[in-house]
Amino acid sequence: MKTTLMRLALAVAGAGLLTLYGCGGGGGGGEVAATTTDVPITVIDGAIQNANVCLDKNNNGACDPGEPSGKTDATGKVTLKVDNADVGKYVILAEVGVDAKDADTGVVPVAYTLKSPADKSTVVSPLTTLVQTTLEGTGQSSTDAEALVRAQTGINVSLFDDFTQGTSADSKTAGTVARLVVITTQQQITALVGTVGTSAIDGSKITKQNLDRAIAKRMLQNMPALLTALTNPAVVAAIAANDRKTTEAELLTQAKALDSGLTTASIATVVAIDNQVATPPVIAATPPSAGFTLASLSFFDASNYVVRFFTGSAAQNTLDANNNYRYVERRQRSNTGNLAKWNKGNDPAGQADLHWNGSAWVGCALNFESTSSARDANGNSSYNYCDNAETGKSNRATFDVAGKTMADVYAQVRAAGFTTLTIDNPTVLGSATFPTGSSLFYSSGTPLTNAIGYYPGKSDFAGVSNVVAQYTSAVYSGGIAATQGAGV
């Protein structure tokens with residue numbers, strides 16, 4: 001399972017669209033019924049003392065006056081008195097300031113924020129923060145979001161449990177992943193804190209809460225790199241020796257080396273995107289029309305380029321009986337003027353690829369129609385690419401670029417860290433401007449399922465072609481294939 005957020009794409013329709021493709025008491029006999037419920041909460045990386053915990057009723061990522069709140073004790077515990085009607089309704093937030101103390105590592109050097117889904121309030125940790133961030137990006141339930149994060153991280157215990165109380169290897173792994181998430185988050189906060197108070201490209205002022213949201217989303221995108229960092233020999237040796245001080249130092253070294261993609265140059269765009277995704281604008285309905293979306297482009301010159309785009313006719317851009325739009329994938333590559341065209345895979349040979357759609361081995365012939373649902377009130381859409389080859393959720397932010405030069409828009413896109421649009425010599429754009437009606441879309445997608453693949457004629461597996469790869473449930477959930485029994 002993978003997570004791919006912040007894809008870059010260009011969309012053109014009509015005049016032109018540019019899209020850039022992550023327990024209450026009862027009463028009787030004259031007694032008055034209790035109006036609040038005691039909600040016990042534990043905040044952990046190690047147990048965190050003096051964290052400010054609240055019910056984030058206005059969903060602004062901060063504990064505000066009037067919201068049920070309290071400070072954690074030395075064991076990381078606090079009990080909030082919550083109105084009965086609000087129980088299980090709002091995200092739990094924990095503000096960990098520099099006046100807080102981690103039972104494992106001492107005084108907190110850089111303030112950060114943790115959160116947990118509304119219906120999972122018992123524990124607030126770096127791992128529940130990953131789950132809540134996934135939930136926000138996909139519209140999934142807390143159960144499904146947790147399953148996705150567990151698949152990404154290979155953690156084999158519930159992410160809603162207190163891993164500090166577990167003695168198993170799986171609990172220790174959960175604690176190590178959580179610690180690296182915190183250290184990496186603190187490094188990014190330190191690097192970006194100077195942008196607080198500056199302007200995002202939508203004109204809003206960047207706040208601490210904006211940074212928290214952007215960093216949490218980027219943490220999901222960077223999960224593969226974080227997990228790779230945990231395999232560093234120095235980290236492995238420190239963990240095996242149960243040397244907490246050395247482990248902490250090695251994790252800090254790894255965190256400093258990770259490239260988050262968030263910089264002082266990119267944060268103005270990232271925050272504007274997040275603002276819009278969090279509060280999608282009401283967009284006036286327009287009649288369906290033909291158009292295309294440019295998903296990626298590497299352009300060297302007119303004779304040498306690689307391009308991937310999606311097309312839709314007016315009929316395909318009209319919702320069908322299943323509330324879906326339809327689109328067709330197209331790929332082209334020109335090498336010294338020799339043009340190849342196909343529709344899937346990174347190479348024309350990919351046209352022979354097959355995958356298991358749940359009932360049969362299938363391919364996606366030229367002009368195959370994939371589907372994408374209408375966006376809901378939160379801006380989320382479900383997609384089914386190439387007959388269940390990949391399914392997932394996506395959302396997008398839209399910015400008006402009419403009248404802006406293509407060169408300026410390209411520079412903004414690149415500064416924001418979106419690299420699927422690459423022009424070897426940007427001066428080729430000259431002074432061309434986008435016409436009236438042009439918009440820039442920043443799209444982010446979260447794959448939820450990926451099919452088993454069959455690649456005839458390829459040599460992706462150590463020189464062996466015609467190979468189907470499938471793993472046991474133990475390996476799929478994070479185990480090591482080499483430890484499986486003979487013949488498994």
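## Reading the calls in a predicted model

Tutor: This model is predicted. Begin with an open sheet of 3 strands, in the order β5-β10-β11, with antiparallel pairing.

Student: What makes β5 and β11 stand at the edges?

Tutor: β5 (48–49) and β11 (106–107) each have a single partner strand, so one side of each is left without a neighbour in the sheet.

Student: How do you know that β5 and β10 pair?

Tutor: Pairing takes at least two bridges. β5 and strand β10 (residues 101–102) are joined by 2 bridges and run antiparallel. Q49 stands opposite K101 in β10.

Student: In which sense does β4 pair with β8, and in which with β13?

Tutor: Strand β4 (residues 36–43) runs antiparallel to strand β8 (residues 77–83), over 7 bridges. There, I41 has V78 as its bridge partner. With strand β13 (residues 123–124), β4 pairs in the parallel sense over 2 bridges. T42 stands opposite V123 in β13.

Student: What is the expected span of helix α1, and how far does the helix reach?

Tutor: The expected value is 18 Å, at 1.5 Å a residue. α1 (residues 126–138) has 13 residues and reaches 19 Å from its first C-alpha to its last, close to that expectation.

Student: What makes S125 a cap for α1?

Tutor: A side-chain oxygen of S125 lies 3.1 Å from the backbone nitrogen of L127, at the N-terminal end of α1. The cut-off for a polar contact is 3.5 Å, so the pair qualifies on distance. Just after α1, G139 takes a positive phi of about 75°.

Student: Why is α1 called mostly covered?

Tutor: Buried means under 20% relative accessible area. In α1, 11 of the 13 residues are buried. Among them are P126, L127, L130 and V131.

Student: How many aromatic pairs does a search of the whole structure find?

Tutor: The search finds 7.

Student: Why is the pair of W356 and W361 called edge-to-face?

Tutor: Their ring centres are 5.4 Å apart, and a pair needs centres within 6.5 Å. Their planes stand at 65°, and over 60 counts as edge-to-face, so the name fits. Ring pairs link W356, W361 and Y454 into a cluster.

Student: Why are W356 and W361 called partly exposed?

Tutor: The class lies between the 20% and 50% limits. W356 has a relative accessible area of 35%, so it falls in that class. W361 has 38%, so that residue falls there too.

Student: What makes F399 and Y442 an edge-to-face pair?

Tutor: The rings lie 5.9 Å centre to centre, with 80° between the planes. The limits are 6.5 Å and over 60 degrees, so both conditions are met. This pair links distant parts of the chain: F399 is in strand β22 (residues 390–400) and Y442 in strand β24 (residues 439–450), 43 residues apart.

Student: Why do F399 and Y442 count as buried?

Tutor: F399 has 12% relative accessibility, under the 20% limit, so it is buried. Y442 has 1%, so that residue is buried as well.

Student: How do you know that N388 is partly exposed?

Tutor: Its relative accessible area is 28%, between 20% and 50%, so the label follows. N388 sits in the loop between β21 (381–385) and β22.

Student: Which residues is N388 in contact with, leaving aside its neighbours within four places in sequence?

Tutor: They are H355, N357 and A451. A polar atom of the N388 side chain lies 3.3 Å from the backbone oxygen of N357.

How values were computed:
Residues are numbered from 1 along each chain as its sequence is written. This is a predicted model: local features need pLDDT of at least 70, side-chain atom pairs count only at pLDDT 80 or more; totals for chains, interfaces and linings use all residues. Side-chain values use heavy atoms; hydrogens and water are left out. Helices (H or I, at least four residues) and strands (E, at least two) are DSSP runs, numbered from the N terminus. The expected span of a helix is 1.5 Å times one less than its number of residues. Buried means under 20% relative accessible area, exposed over 50%, partly exposed in between (1.4 Å probe, protein chains only). A polar contact is a pair of N or O atoms within 3.5 Å; within protein, one must be able to donate a hydrogen and the other to accept it, and residues adjacent in sequence count only if both atoms are side-chain atoms. Rings of Phe, Tyr and Trp (its six-membered ring) pair if their centres lie within 6.5 Å; planes under 30 degrees apart count as stacked, over 60 as edge-to-face and the rest as tilted. Contact means heavy atoms within 4.5 Å.
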